[in-house]
2 protein chains.
Amino acid sequence: MPRYKLTVEYDGTPYAGWQRQADEPSVQAVIEEAAHRLCGTNPVLFGAGRTDSGVHATGQVAHIDLPKAYAGGTVRDALNAHMRDEPVVILSAEEVGADFDARFSARKRWYRYRIFNRRAPAAILRGKVWWVSKLLDTEAMHEAAQVLAGTHDFTTFRSTHCQAKNPIRTLEKLEVVRANGEEIHIVAMAQSFLHNQIRSFAGTLKLVGEGRWTATDVSEALKAKDRTACGPVAPPYGLYLTAIEYTNEPKRTLPPYPAKD
Amino acid sequence: MPRYKLTVEYDGTPYAGWQRQADEPSVQAVIEEAAHRLCGTNPVLFGAGRTDSGVHATGQVAHIDLPKAYAGGTVRDALNAHMRDEPVVILSAEEVGADFDARFSARKRWYRYRIFNRRAPAAILRGKVWWVSKLLDTEAMHEAAQVLAGTHDFTTFRSTHCQAKNPIRTLEKLEVVRANGEEIHIVAMAQSFLHNQIRSFAGTLKLVGEGRWTATDVSEALKAKDRTACGPVAPPYGLYLTAIEYTNEPKRTLPPYPAKD
């Protein structure tokens with residue numbers, strides 16, 4: 001059975017998250033249903049990142065085995081046609097080897113947290129950004145973020161429901177940048193993250209941006225290895241899974257019209 | 001009664017349009033209700049552009065007379081607090097003279113039509129852009145747009161429901177540009193527009209971008225002064241009212257934190 005690597009964009013608002021649930025809509029179920037309508041069988045989808053309810057993606061990656069071979073462009077267009085009523089889109093589909101595993105082969109996961117920082121709330125971007133009305137100090141946030149970069153026990157910054165056995169992770173990048181005029185983006189990259197880790201970072205760094213916390217407070221919270229030392233957890237709707245990198249494959253921006261089409 | 005100039009951003013999706021309707025939600029009614037909750041009376045709002053159902057705005061302007069004087073920032077924040085459940089936001093409120101009329105004093109109206117031009121549909125921007133899957137020739141569209149710029153009888157490019165007595169308008173600017181990587185924007189500016197005029201331009205210029213129409217075809221459609229010569233009307237959800245200019249007042253981008261606050 002040929003295996004396909006799918007790159008997926010979705011608006012997480014109407015879903016209980018990436019992963020299939022018994023009673024609630026999920027991104028995985030939407031794509032699996034489209035695949036069922038394409039090929040008649042019930043293929044199972046494996047995603048690189050199991051995003052939470054309300055979290056968005058512009059570069060989620062998943063793999064799926066289909067019962068027969070199709071051209072990549074056919075898989076992409078057919079799945080998109082079957083999903084036209086849902087805010088889930090296949091950006092690209094390409095045949096890969098049977099040793100490709102979207103989840104376990106992933107080497108770098110990139111996330112972006114979008115803070116909307118102006119006096120007035122968001123109307124057009126409502127549900128796509130976290131509105132913070134007080135002017136934030138981006139440089140102070142970036143400086144404090146560097147306390148978190150590197151290899152640490154991130155017990156403070158993970159959900160009490162996190163199921164990972166090991167709370168130690170290597171955060172390869174955590175940058176805070178101004179973007180799109182009125183936004184502040186927190187860009188995070190690691191091989192893997194703990195549950196709610198980036199939203200915990202975002203809520204904590206917002207306190208720094210407001211001048212309520214210093215980089216030293218962040219350092220002490222990290223060292224405490226205590227969930228109650230964390231700042232508030234930022235809402236899910238500001239978070240985007242933007243890219244997954246695999247071994248020997250650089251991060252890339254997908255062209256709107258792939259050359260092979 | 002002091003008069004206030006309001007600059008307004010809204011997501012047009014849930015509304016029957018700007019103008020108050022008997023039985024359907026409208027942007028005007030949302031803001032008037034917020035003003036009622038602020039001051040107890042029933043102030044009437046006058047908008048510069050009566051946008052259609054589903055059309056968005058990032059720079060609509062309206063005026064309203066309130067029964068007592070408030071600081072501009074207070075009007076903005078109080079109205080926003082009362083509208084927190086609606087995708088309608090006051091970007092700024094400033095006291096103006098009694099001779100300021102948002103509609104009749106307006107000298108230049110700016111609109112932007114957003115085409116989302118990639119192979120895969122929009123997920124994150126669903127409902128905020130018009131998805132066109134075929135790669136469009138932006139330069140050909142821009143060239144054909146210049147046929148429409150200037151003073152013409154725009155009978156071909158207005159709705160049969162348009163109530164304006166005179167179909168002649170002076171289109172001061174009609175530009176087609178690539179934007180945000182995957183988008184094509186049609187930027188239009190005139191003192192006033194006819195009903196559905198920009199959406200008629202967008203649908204017609206899309207035919208040019210696809211290579212189905214030439215600039216000559218557009219010229220002939222214009223000269224025909226016949227509604228049936230128009231291309232298809234583009235959907236409302238790609239259209240944004242972006243700015244209104246008044247006499248002796250240059251177009252400006254509102255800063256996220258006005259200096260006077």
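Biologist: Which residue forms a salt bridge with B:Lys173?
Modeller: In this predicted model, the closest N and O atoms of the pair are 3.7 Å apart. A salt bridge is counted within 4 Å, so the pair qualifies. The partner of B:Lys173 is B:Glu175.

Biologist: Are B:Lys173 and B:Glu175 buried, exposed or partly exposed?
Modeller: B:Lys173 has a relative accessible area of 27%, and B:Glu175 has one of 31%. Buried means under 20% and exposed means over 50%, so values in between get the middle label. For B:Lys173 and likewise for B:Glu175, the label is partly exposed.

Biologist: Which residues do salt bridges that share partners join into one network?
Modeller: The network is built from salt bridges with partners in common. Its members are A:Glu9, B:Arg118 and B:Glu182.

Biologist: How many salt bridges does the structure hold over all chains?
Modeller: One of them pairs A:Glu32 with A:Arg20, with the closest N and O atoms 2.8 Å apart. The count over all chains is 24.

Biologist: Where in chain A are A:Glu32 and A:Arg20?
Modeller: A:Glu32 forms a salt bridge with A:Arg20. The two are twelve residues apart, and the pair links distant parts of the chain. A:Glu32 is in helix α1 (residues 27–39), and A:Arg20 is in the loop between β1 (3–10) and α1.

Biologist: Is A:Glu32 buried or exposed?
Modeller: Its partner A:Arg20 counts as partly exposed at 46% relative accessibility. A:Glu32 has a relative accessible area of 8%. The cut-off for the lowest class is under 20%, so A:Glu32 is buried.

Biologist: Does B:Arg76 count as buried or exposed?
Modeller: The side chain of B:Arg76 meets that of B:Asp77 in a salt bridge (2.8 Å, N to O). B:Asp77 counts as partly exposed at 26% relative accessibility. At 3%, B:Arg76 counts as buried.

Biologist: What area is buried between domain 1 of chain A and domain 2 of chain A?
Modeller: The domain assignment gives domain 1 as 3–104 and domain 2 as 108–243. Their C-alpha centres lie 27 Å apart. The contact takes 15 residues from domain 1 and 14 residues from domain 2. Carbon and sulfur atoms give 48% of the buried area, which is about 1100 Å².

Biologist: How many salt bridges does the rule find across the interface of domain 1 of chain A and domain 2 of chain A?
Modeller: Ten residue pairs are in polar contact across this interface. The residues on the domain 1 side divide into three nonpolar, nine polar and three charged. The number of salt bridges across the interface is two.

Biologist: Which three residues supply 30% of the area that chain B buries against chain A?
Modeller: The contact involves 36 residues of chain B and 36 residues of chain A. Between them the chains bury about 2600 Å², with 60% of it on carbon and sulfur atoms. Supplying more than any other three residues of chain B are B:Arg119, B:Ile124 and B:Tyr257.

Biologist: Which element gives the largest share of the side of chain B that touches chain A?
Modeller: Across the interface of the two chains there are four salt bridges, and 14 residue pairs are in polar contact. The elements of chain B that give two or more residues to this side are β1 (3–10), β3 (56–65), α2 (72–82) and β4 (88–96). The largest share, four residues, comes from β4(B).

Terms used
Residues are numbered from 1 along each chain as its sequence is written. Chains are lettered from A and ligands numbered from 1 in the order in which they are written. This is a predicted model: local features need pLDDT of at least 70, side-chain atom pairs count only at pLDDT 80 or more; totals for chains, interfaces and linings use all residues. Side-chain values use heavy atoms; hydrogens and water are left out. Buried means under 20% relative accessible area, exposed over 50%, partly exposed in between (1.4 Å probe, protein chains only). Domain bounds come from an automatic or database domain assignment. Contact means heavy atoms within 4.5 Å. Buried area is the accessible area (1.4 Å probe) that two parts lose on being put together, summed over both. A polar contact is a pair of N or O atoms within 3.5 Å; within protein, one must be able to donate a hydrogen and the other to accept it, and residues adjacent in sequence count only if both atoms are side-chain atoms. Ala, Val, Leu, Ile, Met, Phe, Trp, Tyr, Cys and Pro count as nonpolar, Asp, Glu, Lys and Arg as charged, and the others, Gly among them, as polar.
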